[in-house]
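Reader: Before accepting the vocabulary used for this structure, I should like each term justified against its criterion. Please proceed term by term.

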Amino acid sequence: MAEFNTWINERSGVSVVHLKGFLDAHTASTLENTFSDIIGKNNFKIVANFKDLTYISSAGLGVFMAFIEKVRENGGDIKLASMSDKVFNIFDLLGFPLLYEIFKTEDEAVKKFEEIK
Amino acid sequence: MVLNPLRFFNKFKLQTFLGITGVLFLYKIFFTGSDSALLKSTGDVLVLLTIASLVVYFSEYLGKRTINPLSLVMNVGILNVILFCLITFSGSIFNMFFDNAAEGVNSADPIFSAAVFVYSFLILSVLSYIFLVFKELYFLKQKRNVSIYFNTMIVFIVLASLTYFLRNNPELSFIKNTFLIVSILLIVINSVKISWIAFLVKKEKISLLILSVVISILFIVNLANNSGSGLHEKILMNFSPALSQFANIIMIYGAIYFSILFFTTFFHLPTAEAFDRKAQEVSSLQYFSKLITQVLDFNELAETVTEIAAKVCNSQASWIVLMENNELNTVANKNISYIDAERIGKFVLGQIKEDEKFGTLIVNLGKSDGLDKLSERYSSIAAAPLKAHNKLRGYLLSAKKGDLIFDDEDKNALDTFSDYASVAIENSRLLEESIEKERLEKELDVAREIQKKILPSKNPVFEKLGISSVFIPAFEVGGDYYDFFGISENKLGFIIADVSGKGISAAFVMAEIKGIFESLTKTAESPKEILISANQILKKTLDRKTFVSAIFGLIDLDKETLKISRAGHCPMLLLRNGSIKNIRPGGIGLGLTFGRRFNESLEEVEIKLKENDSIVLYTDGVTEAKNTRMEDFGDKLFEKTLLKSLEHSPDIITKNIIGEISEFTKKNSQHDDITLVILKWKQKI
């Protein structure tokens with residue numbers, strides 16, 4: 001079974017979540033826990049880095065939907081960055097670019113948070 | 001166990017006893033004072049029969065309880081004290097009520113006779129009970145059948161008692177002496193056969209030691225009093241010489257038995273502790289086997305494990321800590337509060353070094369450990385690892401109170417036990433997992449069943465439109481859905497959708513979607529309108545992380561047009577003139593956002609249908625079908641396959657594509673539902 005894991009680094013007040021591997025119905029709970037942890041610490045500025053993500057299923061997309069409302073209510077956002085074309089295509093088909101800000105690189109995403117500040 | 005000669009009474013114990021007592025009473029009232037040897041002997045026989053019936057009666061009462069030798073011994077002690085009091089104070093009591101009681105022994109005064117009867121009867125009852133206790137003690141824990149020795153002894157005791165009236169006849173007294181001597185010999189032989197002492201624990205042995213000294217002395221004193229020349233002796237002799245002799249023999253038996261008991265116990269004492277430990281080990285082994293049967297219920301198992309852990313290492317409290325999600329959690333606690341267990345556990349387990357984690361650790365708590373009062377209450381802690389497949393699963397901890405500490409033997413015992421406990425706990429976990437797996441499989445069966453019922457059983461048939469559809473469910477129901485709606489004679493609505501997530505929850509959303517579109521297609525006119533309405537309805541029911549991608553299309557058979565709207569779904573493919581066109585109007589998935597943002601994102605496309613146009617609808621299960629190297633079937637291969645079968649009927653096209661997919665994925669299992677719907681416009685038939 002394909003593996004999935006996440007790690008987080010903090011960049012000037014923004015929590016950058018790195019996603020690696022295969023995000024599907026079985027591994028979605030890992031990402032859910034990661035987001036819960038970040039939000040539990042009252043961090044609402046989140047960038048998801050998709051650089052090492054090979055696959056995302058609909059259940060994986062659902063995780064972002066589950067948290068976005070709460071994050072935005074608290075003045076934060078989840079921004080998406082560094083997607084491969086294949087992953088972007090999945091997001092794009094569903095119309096995610098209308099709902100989320102998607103950036104080419106992690107730097108751009110973090111910078112966007114700084115601009116608002 | 002009932003004595004052989006007494007079997008006769010077995011059926012009507014109480015009745016027999018009461019009957020014999022009544023006969024004895026009447027006999028004594030009428031024949032007191034007679035000197036006839038025959039009458040006296042008859043009386044003796046009656047007395048012995050009474051004793052026999054009493055023993056049988058008592059034995060039924062005793063037999064109902066589990067016999068504890070120590071309490072039997074206590075009973076004998078108490079009865080001895082009663083006997084002692086009766087014998088000692090009989091003179092003064094009788095003198096209080098009757099003048100010249102000593103002389104009146106032979107008088108025929110019925111009241112006095114009755115008093116004598118009651119007194120003798122009391123003595124008789126006490127003696128019977130003591131005799132019964134001797135019998136029970138004799139047979140206790142005997143491994144072989146030894147009743148022959150005991151029964152022989154009874155016969156001789158009876159004979160010795162019955163012949164006691166001959167004592168005044170110097171020529172014949174040798175008979176009763178012989179019987180007495182044989183009886184005493186048999187008593188000695190029988191008294192040596194004590195086999196129950198070994199089974200007592202050390203504490204019990206010590207109390208038995210003291211009790212046996214006291215009781216044997218009491219027996220000797222009573223023996224001396226009984227055969228003394230007081231009023232008691234006179235009354236008893238007059239009542240029945242056999243009873244008097246029987247009393248003597250019982251006293252002798254008691255004195256001998258308890259003296260031997262004393263020495264035997266005394267010699268057993270040094271090995272008592274070792275025996276205790278062995279006995280405990282044996283009972284622990286029994287507990288181990290108990291563990292195996294309890295794996296069905298984890299809580300019950302944990303309870304037993306903590307209970308036995310405390311027993312095997314002679315500690316007062318124990319608890320289990322298990323690794324769950326990389327955290328150690330206290331899952332069961334015995335004789336210690338949960339909070340205390342957590343605190344001590346954290347402290348002790350914090351001291352375990354990485355390389356020692358597979359051995360049992362002993363930590364003696366000191367005042368400086370920052371545990372406040374806990375270190376005063378619990379002095380020593382032992383932590384044994386619980387492991388499975390060479391991985392640490394948790395710890396079994398045990399604590400001693402007061403100033404006690406764990407010694408090496410305790411440590412070894414806990415070590416051994418923790419191995420057994422590990423296996424039991426791991427088995428329990430595996431069992432739980434497999435039950436859970438089975439439950440999930442059942443759930444998926446239900447989900448597949450729902451999905452099967454929701455999807456159309458057959459495709460609608462039209463003159464101008466060929467329709468083919470394929471649906472291949474994944475093991476874990478993927479939430480694919482397609483359907484056709486006959487809106488009017490010349491209008492056909494169709495939908496293809498994919499619910500996010502898997503399993504039964506996806507199946508339920510599918511069912512909901514079907515309901516929504518069934519009703520919406522009755523009123524709404526355009527695909528865009530229908531999707532907007534559907535999204536509004538779903539707002540109320542979908543949870544935040546669930547969404548649905550869908551394409552809704554409407555074919556007007558008269559106007560030869562197709563209108564479609566897409567809500568986040570894979571594009572529709574239009575095969576026309578040997579090439580493939582991606583029809584991908586804008587639109588966000590249903591349930592992702594609501595209100596204006598969704599409505600404004602949605603576009604509608606209208607296509608004028610041409611001869612031989614093929615419309616291909618699919619879910620991502622098609623393009624994301626994976627081979628063993630986890631490569632996708634992909635858009636390119638999909639399109640290539642479509643182009644190859646352009647000229648064929650929809651059925652052939654779907655067949656070709658499914659064939660190509662299975663060729664590609666080979667033996668790799670299917671992760672998502674595969675749905676493919678192909679509509680072919682053929683004006684000229």
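Author: The expected span of a helix is 1.5 Å times one less than its number of residues. The model to which this is applied is predicted.

Reader: How do you know that the end-to-end distance of helix H20 of chain B agrees with its number of residues?

Author: H20(B) runs over residues 650-665, which is 16 residues, so the expected span is 22 Å. Its end C-alpha atoms are 23 Å apart, and the two values therefore agree.

Reader: Which residues of H20(B) are called buried, and what makes them lie on one side of the helix?

Author: A residue is buried if 20 or more other C-beta atoms lie within 10 Å of its own. In H20(B), B:Pro650, B:Ile653, B:Thr654, B:Ile657 and B:Ile661 are buried. They cover an arc of only 95 degrees around the axis, and therefore lie on the same side of H20(B). B:Gly659 and B:Glu663, on the other side, are exposed.

Reader: What do the buried residues of H20(B) pack against, and what follows the helix?

Author: Their packing partners in chain B are strands S6 (465-472), S14 (614-618) and S15 (674-681), together with helices H18 (620-623) and H19 (634-644). After H20(B) comes B:Lys666, with a positive phi near 50 degrees.

Reader: What makes a set of residues a nonpolar core, and how many residues does the largest one have?

Author: The members must be buried, belong to the nonpolar types listed for a core, and be joined through C-beta atoms within 7 Å. The largest such set has 100 residues, and B:Ile495, B:Leu531 and B:Ala550 have the most contacts inside it. Helix H15 (residues 503-523) of chain B gives the largest share, 8 residues. A second, separate core has 63 residues, including B:Ala52 and B:Ile154. In soluble globular proteins, nonpolar side chains tend to be buried together.

Reader: Why are strands S1 and S2 of chain A called a pair?

Author: Pairing requires at least two bridges between the strands. S1 (residues 4-11) and S2 (residues 14-23) of chain A have 8 bridges, in the antiparallel sense, so the criterion is met. One bridge joins A:Phe4 to A:Gly21 in S2(A). The hairpin has 2 residues between its strands, and A:Ser12 takes a positive phi near 35 degrees.

Reader: How many residues of each chain are in contact across the interface?

Author: In chain B, 19 residues are in contact with 15 residues of chain A. The chain B side divides into 5 nonpolar, 9 polar and 5 charged residues.

Conventions:
Residues are numbered from 1 along each chain as its sequence is written. Chains are lettered from A and ligands numbered from 1 in the order in which they are written. This is a predicted model: local features need pLDDT of at least 70, side-chain atom pairs count only at pLDDT 80 or more; totals for chains, interfaces and linings use all residues. A residue is buried if 20 or more other C-beta atoms lie within 10 Å of its own, exposed if 12 or fewer, and partly exposed in between; C-beta atoms are placed from the backbone. Helices (H or I, at least four residues) and strands (E, at least two) are DSSP runs, numbered from the N terminus. Two residues are in contact if their C-beta atoms, placed from the backbone, lie within 7 Å. Ala, Val, Leu, Ile, Met, Phe, Trp, Tyr, Cys and Pro count as nonpolar, Asp, Glu, Lys and Arg as charged, and the others, Gly among them, as polar. The arc is that of the directions from the helix axis to the C-beta atoms.
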